[in-house]
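User: Could you take a close look at the salt bridges in this one for me? I'd like to know who pairs with whom, how covered the partners are, and what sits around them. Keep it informal, please.

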Amino acid sequence: DDTGAFLQLDFNVDLAGLPVRGNVGARYVQTDVEATGYSYVAGAPVKTTAKNDYAKLLPSINLVADFRDDFLVRLAYSEVMTRPGLGSLAPSTTISVSGNNRTVPSGNTNLDPYEADAYDLSFEWYFAEEALLSLAFFYKDIGTFVSTARDTRPFTGNPYGLPDELAIAACGTVPGCSPSADWVFTVPNNTPGGDLKGLEASYQQPFSFFDGFLSNFGLMLNYTYVSSEVDYLNADGSVALRTDLTGLSQNAYNATLYYEDDRFSSRISGAYRDEYLTTVPGRNGSDVEGTAATFNLDFSATWTYSESLQFTF
């Protein structure tokens, strides 16, 4: 159950001839968690209900200074939070086998939300109609986030009260799978956090400065750089590794060239992102797991025959 309330003050003033507008406020949020699942006591499944609650006051301020009609600077600060996924909160255990991966994940009802102090600064130049050139800097001081602690051990004799019969049933006919093999027990926990910083540059412009056919073209470009460093914990609470935040590529860019007129429109887009981490610590003795760099190229075209008929490729 989530309950929230916020108070916000908007303002628009002149400071020594400089127009400044924005808002300041705070949001109060109260979260009450009641989660039910099945755990094991002496090998027998027991229905378990666990509870947790927390309250947060999240202030924020946003400022925009109009240095010129076509140039503005934005400055913002906020305390932010994101609640953990519902799948991480249930006090239950699920056993699965996929090839050589034998996993026993369990939930944790006592998880606190992801929390961070976020700082943003951006410069925006609207140098022509529908055109923009911008540069933004961001920094997040992550107070805590949720990572999965892994404990690799034989299923037999595990400290979680799970009987060997559960492992045998999960193994089925998979070769090399047995209760005496190594299994990865995983439990989500809150970690000390870390920091994240980066920048984003954007450019977009229709080619309206051309005459005729070329004036229907336009271009959009974007580049993002992100650097992060956070702590990941072992099952005993010690720091296993200090490395990048999962899911974040250090470099990413995209570009789109488009054409639009009254009847026909098309665009071709390219998007690239660096390799990024997906699992820390990794399984099967790996420090980390991740995804390789990717580049995607997409093309689409639309022709409008009439108000009631349109073709898309």
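Analyst: I'll go through three of the charged pairs one by one, then move on to their surroundings.

Keep in mind that this is a predicted model. The structure contains nine salt bridges. As background, side chains with opposite charges can pair up when their charged atoms come close.

Start with Glu34 and Lys51, whose closest N and O atoms are 3.9 Å apart in a salt bridge. This pair links distant parts of the chain, with Glu34 sitting in strand 2 (residues 18–41) and Lys51 in strand 3 (residues 44–68), 17 residues apart. Both ends are out in the open: Glu34 counts as exposed because its relative accessibility is 57%, and Lys51 is exposed too because it comes in at 60%. The cut-off for that word is over 50% relative accessible area.

Strand 3 shows up again in the next pair. Lys56 forms a salt bridge with Glu115, and here the closest N and O atoms are 3.1 Å apart. Lys56 lies in strand 3 and Glu115 in strand 7 (residues 114–125), so this bridge ties together parts that are 59 residues apart in sequence. Lys56 has a relative accessible area of 18%, so it counts as buried. Its partner Glu115 is partly exposed, at 24%. Those two labels fall on either side of the 20% line, since buried means under 20%.

Now for Asp231 and Arg242, a salt bridge with 2.8 Å between the closest N and O atoms. Asp231 is in strand 11 and Arg242 in strand 12 (residues 239–243), so the parts being tied together are eleven residues apart in sequence. Asp231 is buried because its relative accessibility is 13%, while Arg242 is partly exposed at 41%. This pair has company: salt bridges with shared partners join Glu229, Asp231 and Arg242 into one network.

What sits around that network? Strand 11 is a good place to look, as the largest nonpolar core includes Val230 and Tyr232 among its eleven residues. The others are Ala116, Phe138, Ile142, Phe145, Leu196, Val226, Leu245, Leu277 and Val280. Strand 8 (132–154) and strand 11 (217–233) are the elements that give two or more residues to this core. Leu245 gives you a view from inside the core: leaving out residues up to four places away in sequence, Leu245 touches Ile142, Phe145, Leu196, Ser228, Val230 and Tyr232. There is also another core of nine residues lying apart from this one, and its members include Val104, Phe155, Cys177 and Ala181.

Cys177 leads to another kind of link. The structure holds one disulfide, and it joins Cys171 to Cys177 with 2.0 Å between the sulfur atoms. That link is left-handed, with -65° about the S-S bond. Cys171 and Cys177 are both buried.

For a contrast with the cores, look at the surface. Tyr253, Leu257, Ile268, Phe295, Leu297, Phe299 and Phe313 make a nonpolar surface patch of about 770 Å². Strand 13 (251–260) and strand 17 (294–306) are the elements giving two or more residues to it, and strand 17 supplies the largest share, three residues. Ile268 belongs to strand 14 (residues 264–273) and counts as partly exposed because its relative accessibility is 36%.

Strand 17 has a covered side of the story as well. Thr302 is located in that strand, and because its relative accessibility is 18%, Thr302 counts as buried. Its contacts beyond four places in sequence are Arg263, Phe264, Ser265, Gln310, Phe311 and Thr312.

One last stop is Ala5, in strand 1 (residues 2–15). Ala5 is partly exposed, with 46% relative accessible area. Setting aside neighbours within four places in sequence, Ala5 is in contact with Ala26, Arg27 and Tyr28. If you want a sense of scale, Ala5 and Asn216 are 47 Å apart in space, C-alpha to C-alpha, and 211 residues apart in sequence.

Back to your request, then: Glu34 and Lys51 make up a bridge with exposed partners, Lys56 is a buried partner to a partly exposed Glu115, and Asp231 and Arg242 share a network with Glu229.

Methods: Residues numbered from 1 in each chain as written. Predicted model: local features only at pLDDT ≥ 70, side-chain atom pairs only at ≥ 80, totals over all residues. Heavy atoms only, no water. Disulfide = S-S within 2.5 Å. Buried < 20%, exposed > 50% of the residue type's maximum accessible area, 1.4 Å probe, protein only. Patch = residues over 30% accessible without salt bridge, like charges linked within 9 Å, V, L, I, M, F, W, Y side chains within 5 Å. Areas by Shrake-Rupley, 256 points an atom, 1.4 Å probe, with all protein chains shown as cover. Salt bridge = Lys/Arg side-chain N within 4 Å of Asp/Glu carboxyl O. Helix = DSSP H or I, 4+ residues; strand = E, 2+ residues; numbered from the N terminus. Contact = heavy atoms within 4.5 Å. Core = buried A, V, L, I, M, F, W, Y, C linked by side-chain atoms within 4.5 Å.
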